[in-house]
Amino acid sequence: MDGSSLITNIASSELIDVENTDKSLVQSSKLWRQMSSSRHHDQGSPIGSKAPFDEEEKVATPSPKMRRQMSASRHHDQAAPVGSKGPFDEEDKVVGAPSPKMRRQVSGARHIVQGKDNEQASAVVSNGPFDESSPLFDLSRKPETMAPAMTDLEHLAQLPVYEGSSQLGGGVELYPPKKEERCGALAGFESLDELLRHYVPKEELAEVLRVLFGHNMGSTVKELHLYEGLRLMARQQEYDLKGYQFTAAEEELRPPRVVKIGLIQHAIVLPTDAPFAAQRQAILERVRRIADTAGQLGVNILCLQEAWSMPFAFCTREKEWAAFAEGAEDGESIKFAQELARSHNLVVISPILERDKVHGDVLWNTAVVVGNRGNIIGKHRKNHIPRVGDFNESTYYMEGDTGHPVFETVFGKIAVNICYGRHHPLNWMMFGLNGAEIVFNPSATVGELSEPLWGIEARNAAIANGFFVAAINRVGTEVFPREFTSGDGKKAHKDFGHFYGSSYVAAPDGSRTPCLSRRLDGLLIAEMDLNLCRQVKDKWGFQMTARYGLYSKSLSRYLKSDFKPQLIVDPLLACERGKA
Ligand SMILES: NC(=O)NCCC(=O)O
């Protein structure tokens with residue numbers, strides 16, 4: 001599918017089929033459960049392989065080629081902010097607002113809001129006719145025909161623009177899930193951020209948020225103005241969509257360097273006993289849909305979660321899951337990422353289980369960086385492999401051999417610190433020393449183990465190293481066919497625990513966005529001016545005062561076999577010990 005056609009897609013009556021496709025995946029997943037005894041049955045019919053509108057969509061937005069040309073000229077113009085403009089940003093005030101042509105198509109489509117959602121939606125939409133003066137629409141491109149009657153999608157188009165707010169979350173929650181649907185919720189809330197917003201009195205909230213979430217240029221991180229119809233569509237497709245904006249001070253000698261990143265968190269789609277090909281295909285389809293929204297919103301760099309195209313089966317220690325491993329240059333997940341990159345002109349970070357066919361079929365946990373032309377820029381292999389809880393990853397792959405590469409892309413210098421590497425300050429530091437401006441942290445981690453650490457580590461790394469950190473975690477509870485244990489005294493079990501999502505972005509000035517949902521798939525967009533990195537370094541001087549030489553000498557001593565810790569014992573204590 002041409003990636004720039006999301007709005008066209010929602011506007012097309014085929015959206016109804018898309019919903020049905022989602023349902024068919026759910027139904028299929030039930031079917032797989034029933035068929036679970038015959039795993040490798042029917043390899044030939046992968047489920048959910050094509051969303052009906054994915055194929056040959058007529059597109060109202062510029063073609064990928066045009067967009068590449070537009071983008072190339074943007075990026076050559078040093079005076080212009082780098083990568084700041086998606087196709088909608090250029091003329092519309094609202095990110096993701098539909099063009100007139102899309103609106104015409106919108107007016108021909110019905111039924112997007114169905115069933116229980118319809119009731120709730122009508123509570124928040126305006127009932128008036130199209131407001132031609134709305135900043136959503138460009139009057140100079142007035143459509144020739146207007147549908148005589150309001151349709152449901154027209155209602156969507158009239159949803160209020162989500163105003164930027166320095167308050168967390170800020171706006172109306174369109175579809176609060178029912179209690180029973182909140183599996184994976186935190187005390188009944190989507191996230192800790194939402195819980196805080198609910199309970200802390202309004203008068204105190206700003207202060208609480210200032211301390212807990214930090215300030216960027218004088219206020220908590222602002223929300224991006226996202227077209228409300230897109231939020232609603234995300235709800236329809238059951239994923240969380242949030243957008244935020246970090247700014248930096250204007251400089252005399254450098255133009256702003258604005259870039260927009262997107263993080264996708266998601267659950268697996270089919271049960272783990274479905275045929276592997278079907279499992280992967282279903283995830284690809286799901287991610288494609290969310291990634292297309294990212295493309296529509298003008299995202300420049302998109303990062304997926306750790307081992308995104310497979311279940312996180314490393315808890316089991318069973319070797320059959322190695323079948324999901326694929327080439328970093330020619331695997332299905334990489335081809336998918338290349339197609340995404342080309343169709344949306346964005347850099348894609350695709351973390352996979354890598355099989356190095358050239359070197360004895362060795363497996364690695366690898367993030368492949370695909371350039372915005374679909375070219376492969378390079379890869380990084382996970383440096384630190386966990387040996388904790390059910391994270392039995394060391395059964396599958398060894399510590400990475402790629403050092404701490406920073407990839408210079410057209411949108412900025414980026415690096416990838418894969419999951420467990422976030423517990424290692426030196427790992428972060430090396431990416432920083434190699435010049436990273438944004439470090440992505442694609443992860444897979446569960447609530448019981450690491451949730452209290454989650455909000456601290458990526459943020460601390462951003463502060464200490466003067467770069468942005470984008471932390472992504474998968475979502476859901478993955479249940480495996482057979483029981484396993486991890487030698488920690490726990491009873492044999494089949495699931496990994498709950499992957500708690502909660503993806504967020506932290507800035508070098510210590511500010512951070514709220515989290516995505518703890519239980520839903522999600523797309524988090526963050527726009528940032530990369531000039532902030534150097535501004536914070538100049539202000540705090542952490543790098544200047546770092547005394548790397550001192551630590552380098554101490555570390556060299558520590559590595560020697562005759563190392564003695566630099567320990568000064570209280571003489572009185574030594575005296576007492578002498579008497580004993
Ligand atoms: N995927 C992974 O490295 N998980 C380890 C657990 C954690 O770091 O929280």
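Two strands count as paired here if DSSP finds at least two bridges between them. With that in hand, the sheet in this predicted model is simple to trace: five strands make up an open sheet in the order S8-S9-S10-S11-S14, and the pairing is mixed. The edges are held by strand S8 (407–409) and strand S14 (504–506); each has a single partner strand, so one side of each is left without a neighbour in the sheet. On average, neighbouring strands of this sheet are turned by 25 degrees against each other, direction ignored.

Now for one end of that order. Strand S11 (residues 468–473) and S14 run antiparallel and are joined by three bridges. Within this pair, Ala 471 sits opposite Tyr 504 of S14. Helix H12 (residues 425–433) lies across S11 too, as well as across strand S9 (412–416) and strand S10 (438–443), and runs at about 145 degrees to S10.

As for the wider setting, the UniProt record (an unreviewed entry) places a "domain: CN hydrolase" feature at residues 259–530. That stretch of chain is 23% helix and 31% strand, and its end C-alpha atoms are 7 Å apart.

Then there is the ligand. It has 14 residues around it, of which Glu 306, Lys 382, Cys 419, His 423 and Thr 445 come nearest. Glu 306 places a polar side-chain atom 2.8 Å from a ligand nitrogen atom. Oxygen atoms of the ligand take part as well: one is 2.6 Å from an N or O atom in the Thr 445 side chain, and a polar side-chain atom of Arg 422 lies 2.9 Å from a ligand oxygen atom. On its own the ligand has 280 Å² of accessible area, and the protein covers 99% of it.

Technical notes:
Residues are numbered from 1 along each chain as its sequence is written. This is a predicted model: local features need pLDDT of at least 70, side-chain atom pairs count only at pLDDT 80 or more; totals for chains, interfaces and linings use all residues. Side-chain values use heavy atoms; hydrogens and water are left out. UniProt positions are given in the numbering used here, feature names are shortened, and annotations may be inferred rather than shown by experiment. Helices (H or I, at least four residues) and strands (E, at least two) are DSSP runs, numbered from the N terminus. Axes are lines fitted to C-alpha atoms, for helices over the stretch in contact, and angles run from 0 to 180 degrees between N-to-C directions. Contact means heavy atoms within 4.5 Å. A residue is near a molecule or strand if one of its heavy atoms lies within 4 Å of it. A polar contact is a pair of N or O atoms within 3.5 Å; within protein, one must be able to donate a hydrogen and the other to accept it, and residues adjacent in sequence count only if both atoms are side-chain atoms. Accessible areas come from the Shrake-Rupley method with a 1.4 Å probe; for residues, only the protein chains shown count as cover.
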